Amino acid sequence: MSGDTQPSDYQQARERLKKGDHHALYHEHEAARNAYREAVTLFEQAGAKPGQALALCALAHLETRHGHTAESRSAYDQARQL
């Protein structure tokens, strides 16, 4: 058995979500946005709807803080549908 096992989509998604939070904390908005979007995709691939919803809400919150109302509403709507 090899020691270089690839992390699962779920694990990668959690890391992207943490990375998004880190970027948001340091006002690196585009990097945060990208990390949250990657987390959404990875959670979806992992079949983890709660994680997907959490990443969408984080993205929506980021968009709200920057006055991007339409993007925020879209992300919240997607999360709510999960």
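What follows is a friendly exchange about a predicted model and the terms used to describe it.

Reader: How many helices and strands are there in the chain?

Author: There are four helices and zero strands, and from the N terminus on the elements run α-α-α-α. The C-alpha trace spans about 50 × 30 × 10 Å along its principal axes. Buried residues make up 33% of the 82 residues in the chain.

Reader: Let us start with the first pair. Why is helix 1 called roughly antiparallel to helix 2?

Author: The axes of helix 1 and helix 2 cross at roughly 160° and come within 8 Å. Angles over 145 degrees count as roughly antiparallel, so helix 1 is roughly antiparallel to helix 2. As for handedness, helix 1 passes helix 2 in a left-handed crossing.

Reader: Which residues make that contact, and what are they by class?

Author: From helix 1 they include Tyr10, Gln12, Leu17, Gly20 and His23, and from helix 2 they include Ala31, Ala32, Tyr36, Leu42 and Phe43. By class, the contact of helix 1 with helix 2 has 12 nonpolar, four polar and six charged residues.

Reader: And what makes helix 2 and helix 3 roughly antiparallel?

Author: The reasoning has the same form. Helix 2 (residues 29–46) and helix 3 (residues 49–65) have axes that cross at roughly 160° and come within 8 Å. Since the cut-off for roughly antiparallel is over 145 degrees, helix 2 and helix 3 are therefore roughly antiparallel to each other. Helix 2 passes helix 3 in a left-handed crossing. Among the residues that meet are Tyr36, Val40 and Phe43 in helix 2 and Ala55, Leu59 and Leu62 in helix 3. By class, this contact of helix 2 with helix 3 has 10 nonpolar, three polar and four charged residues.

Reader: What makes a group of residues a nonpolar core, and which have the most contacts inside the largest one?

Author: The members must be buried residues of the nonpolar kinds, joined through side-chain atoms within 4.5 Å. The largest nonpolar core here has 19 residues, and those with the most contacts inside it are Leu17, Tyr36, Phe43 and Ala55. Helix 1, helix 2, helix 3 and helix 4 (69–81) each supply at least two residues of this core. Its largest share, seven residues, comes from helix 3. Ala55 touches Leu17, Tyr36, Ala39, Val40 and Phe43, leaving aside residues up to four places away in sequence.

Reader: How do you know that Ala75 is buried?

Author: Ala75 has a relative accessible area of 3%, and buried means under 20%, so Ala75 is buried. Ala75 is found in helix 4 and touches Leu56, Leu59 and Ala60, not counting residues up to four places away in sequence.

Reader: Why is Ser72 called buried too?

Author: Ser72 has a relative accessible area of 4%. That is under the 20% cut-off, so Ser72 is buried. Ser72 is also found in helix 4, and its contacts, with residues up to four places away in sequence not counted, are Ala60, Glu63 and Thr64.

Reader: Let us compare His23 with Gln12. Why is His23 called buried, and why is Gln12 called partly exposed?

Author: His23 has a relative accessible area of 17%, which is under 20%, so His23 is buried. Gln12 has a relative accessible area of 22%; partly exposed lies between the 20% and 50% cut-offs, so Gln12 is partly exposed. His23 is found in helix 1, and Gln12 is found in helix 1 as well. Not counting residues up to four places away in sequence, His23 touches Glu28, Ala31 and Ala32, whereas Gln12 is in contact with Pro7 and Leu42.

Reader: What makes His27 exposed?

Author: His27 has 60% relative accessibility. Exposed means over 50%, so His27 counts as exposed. His27 sits in the loop between helix 1 and helix 2.

Reader: Where is the phi of His27, and what is its sign, positive or negative?

Author: The phi of His27 is near 60°, a positive value in a residue other than glycine. In general, most residues other than glycine have a negative phi.

How values were computed: Residues numbered from 1 in each chain as written. Predicted model: local features only at pLDDT ≥ 70, side-chain atom pairs only at ≥ 80, totals over all residues. Heavy atoms only, no water. Axes fitted to C-alpha atoms, helices over the stretch in contact; angles between N-to-C directions. Parallel < 35°, antiparallel > 145°, perpendicular 65-115°, else oblique. Left-handed = near helix turned anticlockwise from the far one by under 90°. Contact = heavy atoms within 4.5 Å. Nonpolar A, V, L, I, M, F, W, Y, C, P; charged D, E, K, R; others polar. Buried < 20%, exposed > 50% of the residue type's maximum accessible area, 1.4 Å probe, protein only.
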